[in-house]
Amino acid sequence: MRNFERSNAIQQRLHDLVPGGAHTYARGPDQYPEAMAPVLVRGKGSHVWDCDGNEYVEYGMGLRSVTLGHAYPPVLEAVTRAIADGVNFSRPTELELLAAEDFLRLVPGADMVKFAKNGSDATTAAVRVARAATGRETVAVCDQPFFSVDDWFIGTTAMNAGVPPLLATVHFAYNDLESLAAVLNTHEVACVVLEAATAMTEPEPGFLPGVRALCDRSGALLVFDEMITGFRWSAGGAQRVYGVTPDLSCWGKAMGNGFPISALAGRREFMELGGLRTDRDRVFLLSTTHGPETASLAAFRAVVRAYADTDPITRMERAGRRLADGVNKMAAELGIADCLRAAGRPSCLVFVTRDPEGRPSQAFRTLFLQELLDRGVLGQSFVTSAAHSDDDIDRTVEACRAAAQVYRQALEHGVDGLLRGRPVAPALRRRAAPRRIPSAGA
């Protein structure tokens, strides 16, 4: 077992100073086995190190924001050159034009782009401009995990304290055109918001073209959330892979290989509602002090060059296929393939953990995470990067083999005595875990 003494001390202090002990709920200690949430100090390529000196092969890669590897030299060099001339100014820089040109060459059907810092900024701006363009209020969102921290979406989740009752957000099911048609027939919808695909769900033939047609028929704008699919499915996002062009699209995560940048892109007639070339009432679209700072724009341009020159998607997909094949072959050999497997798009894998009855299980998920951490593998999923080498994959498969042997014992005899501490919990939930973190001075 690894030592997490310093990580645990720092994590406790974080709880005293930062609500939840982390600045992103998905990074919280409740998402990891108890007293085994590493506090990291550095990363290089596909490896990270914690403050206790433990080294890990890392998956998840900054909540999918890193595709080229941690501390990727060409990105760092581009950022270093840019910030040497200043970071933030009172007028636009030439870098803003160059970055916009780079972006719009990648994204089919987009005429204009505006940069920001957070994915939620972009999705909420898309909702706002759609409401202004259509004169309608209702937003139809797909039953997918997450779109925004803002009221229009977070008010529909279990973690909705502090949000007034929502009447203007409705839901439809993925790969179900009838459910979307029913929503559009029942409500005056401003926009339809969805991820074109997720790690575990590909669009069925005709689904995305059908969504496009239903939006056109009803007058609703089609908005694609490309936060995850952008720069993982392709540099041009899911819309380029599946050949369906939305009215607006929202981007972030891997755009900057970890540097903070997001974007709203779309058709000129809608984007200009937030500009100066409109006769209509203007939309307060996106106006951010730090949206155009030079470091992240330089990082983005370096990412674009890397995608043009080095084909990182092919490399991360190759690593993912090799990892999934190794894990699933091992699970089959142990006779537990129905309960433990790697699944999903090769560049965005998840691991499926089920109990003896075949039900999704947080306790079994935690046990698997616990055993992987003990063996130097860190990740809430198996999201790869272009930096993951054959040696990394081999090491991970061997760690999974050892973890799976413990997992099989738990399937036969239960997790008691094998799981050290409480199970992990969903990040978006109404109540904190029953076992509360002691408060400062307690």
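A nonpolar core is a set of buried Ala, Val, Leu, Ile, Met, Phe, Trp, Tyr and Cys residues joined through side-chain atoms within 4.5 Å. The model on your screen is a predicted one, and this tour begins with such a core.

Select L323, I336, F368, L372, F382 and Y407 to start, since these are the residues with the most contacts inside the largest nonpolar core, which has 36 residues. Next, colour the helices α12 (312-333), α13 (362-374) and α14 (390-413) together with the strand β11 (340-343), for these are the elements that give two or more residues to this core. Of these, α14 provides the largest share of the core, namely ten residues.

Now centre the view on Y407 and, leaving aside residues up to four places away in sequence, look for the residues that it touches, which are I336, C339, L340, T353, R354, F364, L367 and F368. Apart from this core lies another, of 35 residues, and you can find it by selecting some of its members, including L95, A100, W251 and A299. In soluble globular proteins, nonpolar side chains tend to be buried together.

For the last stop, select P92, E96, V113, K114 and L286, which lie nearest the centre of the second largest pocket, among the 30 residues that line it. This pocket has a volume of about 980 Å³. Highlight α4 (94-106), β4 (112-116) and α10 (268-271), the elements that each give two or more residues to its lining, and notice β4 in particular, from which the largest share, four residues, comes. If you colour the lining by class, you should find 14 nonpolar, nine polar and seven charged residues.

Terms used: Residues are numbered from 1 along each chain as its sequence is written. This is a predicted model: local features need pLDDT of at least 70, side-chain atom pairs count only at pLDDT 80 or more; totals for chains, interfaces and linings use all residues. Side-chain values use heavy atoms; hydrogens and water are left out. On a 1 Å grid over the protein atoms alone, a cavity is a set of points where a 1.4 Å probe fits but cannot get out, and a pocket is an open set with protein on both sides within 12 Å along at least five of seven lines; lining residues have an atom within 4 Å of a point. Grid points are joined across faces, edges and corners, and a volume is the space filled by probe spheres set on the points. Ala, Val, Leu, Ile, Met, Phe, Trp, Tyr, Cys and Pro count as nonpolar, Asp, Glu, Lys and Arg as charged, and the others, Gly among them, as polar. Buried means under 20% relative accessible area, exposed over 50%, partly exposed in between (1.4 Å probe, protein chains only). Contact means heavy atoms within 4.5 Å.
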